[in-house]
Amino acid sequence: MSKTKVIDGIRYHADRPDSCRACYFYKNRKIGCILGKENCYYLAEVVKTEQEKKCEGCCYAKGQPCVSACCYKDLDKWLQERRKKAGGSHE
């Protein structure tokens, strides 16, 4: 028997109710879950945002996604390409 189940591509513990309305943390239709989907009590894995997925392995992220207006990983890639087009390496 599996100890987890997948709902909408997200892995939850097997004892999660099939509907959020049956959960202890669900208050009513207006308020919904007081924890929010990203903090669900039954989550079996950390849900990552698209930005967090993009920042994985980036030396500039330091354990958290970028907070600047531009991505340093993209900026570094752009600079490297520009240097190659200019015909020299300025490292």
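Trainee: Okay, so contact means heavy atoms within 4.5 Å. Leaving aside neighbours within four places in sequence, which residues is tyrosine 26 in contact with?

Mentor: Cys20, Arg21, Gly32 and Cys33, once those sequence neighbours are set aside. Keep in mind that this is a predicted model.

Trainee: Where is tyrosine 26 found?

Mentor: Tyrosine 26 lies in the loop between E2 and H1. If you want a distance to check on screen, the C-alpha atoms of tyrosine 26 and glycine 36 are 9.3 Å apart, and those two residues are 10 residues apart along the chain.

Trainee: Since it's a prediction, what pLDDT does the protein average?

Mentor: The average is 78, and 78% of the residues score at least 70. Among the elements, helix H2, residues 72–86, has the highest mean at 85, while H1 has the lowest at 70.

Trainee: New topic, the strands. In what sense do E1 and E2 pair?

Mentor: Antiparallel, over 4 bridges, with E1 covering residues 4–7 and E2 covering residues 10–13. To find one of the bridges, look at threonine 4, whose partner in E2 is histidine 13.

Trainee: And how many residues sit between the two strands of the hairpin?

Mentor: Just 2 residues separate E1 and E2 there. One to click on is aspartate 8 in the turn, which has a positive phi of about 55°.

Trainee: How many salt bridges does a search of the whole structure find?

Mentor: The search turns up 1 salt bridge. Lysine 5 forms a salt bridge with aspartate 18, and their closest N and O atoms are 3.1 Å apart. That pair links distant parts of the chain, 13 residues apart: lysine 5 belongs to strand E1, and aspartate 18 to the loop between E2 and helix H1 (50–55).

Trainee: Why can side chains like that pair?

Mentor: In general, side chains of opposite charge can pair when their charged atoms come close.

Trainee: And aspartate 18, is that one buried or exposed?

Mentor: Exposed, with a relative accessible area of 73%. Lysine 5 is partly exposed, at 22%.

Trainee: Let's do rings. How many aromatic pairs does the count come to?

Mentor: It comes to 3 aromatic pairs. In one of them, tyrosine 24 and phenylalanine 25 have ring centres 5.2 Å apart and planes at 85°.

Trainee: Why is that pair called edge-to-face?

Mentor: Planes over 60 degrees apart count as edge-to-face, and these planes are at 85°, so the pair gets that label.

Trainee: What about phenylalanine 25 and tyrosine 41, how do their rings sit?

Mentor: Their aromatic pair is tilted, with 5.6 Å centre to centre and 40° between the planes. Both residues are in the loop between E2 and H1, 16 residues apart.

Trainee: Is phenylalanine 25 buried or exposed?

Mentor: Phenylalanine 25 is buried, because its relative accessible area of 19% falls under the 20% cut-off. Its two ring partners are exposed: tyrosine 24 at 65% and tyrosine 41 at 56%.

Trainee: Which residues do the ring pairs link into a cluster?

Mentor: Tyr24, Phe25, Tyr41 and Tyr42.

Trainee: Last one: which charged end sits over the ring of tyrosine 24?

Mentor: That would be lysine 27, 5.5 Å from the ring centre. You can also look at arginine 16, whose charged end sits over the ring of tyrosine 12, 4.4 Å from its centre.

Methods
Residues numbered from 1 in each chain as written. Predicted model: local features only at pLDDT ≥ 70, side-chain atom pairs only at ≥ 80, totals over all residues. Heavy atoms only, no water. Pairing = 2+ DSSP bridges. Salt bridge = Lys/Arg side-chain N within 4 Å of Asp/Glu carboxyl O. Buried < 20%, exposed > 50% of the residue type's maximum accessible area, 1.4 Å probe, protein only. pLDDT = per-residue confidence, 0-100. Phe/Tyr/Trp six-rings, centres within 6.5 Å; stacked < 30°, edge-to-face > 60°. Lys NZ or Arg CZ within 6 Å of the ring centre and 35° of its normal.
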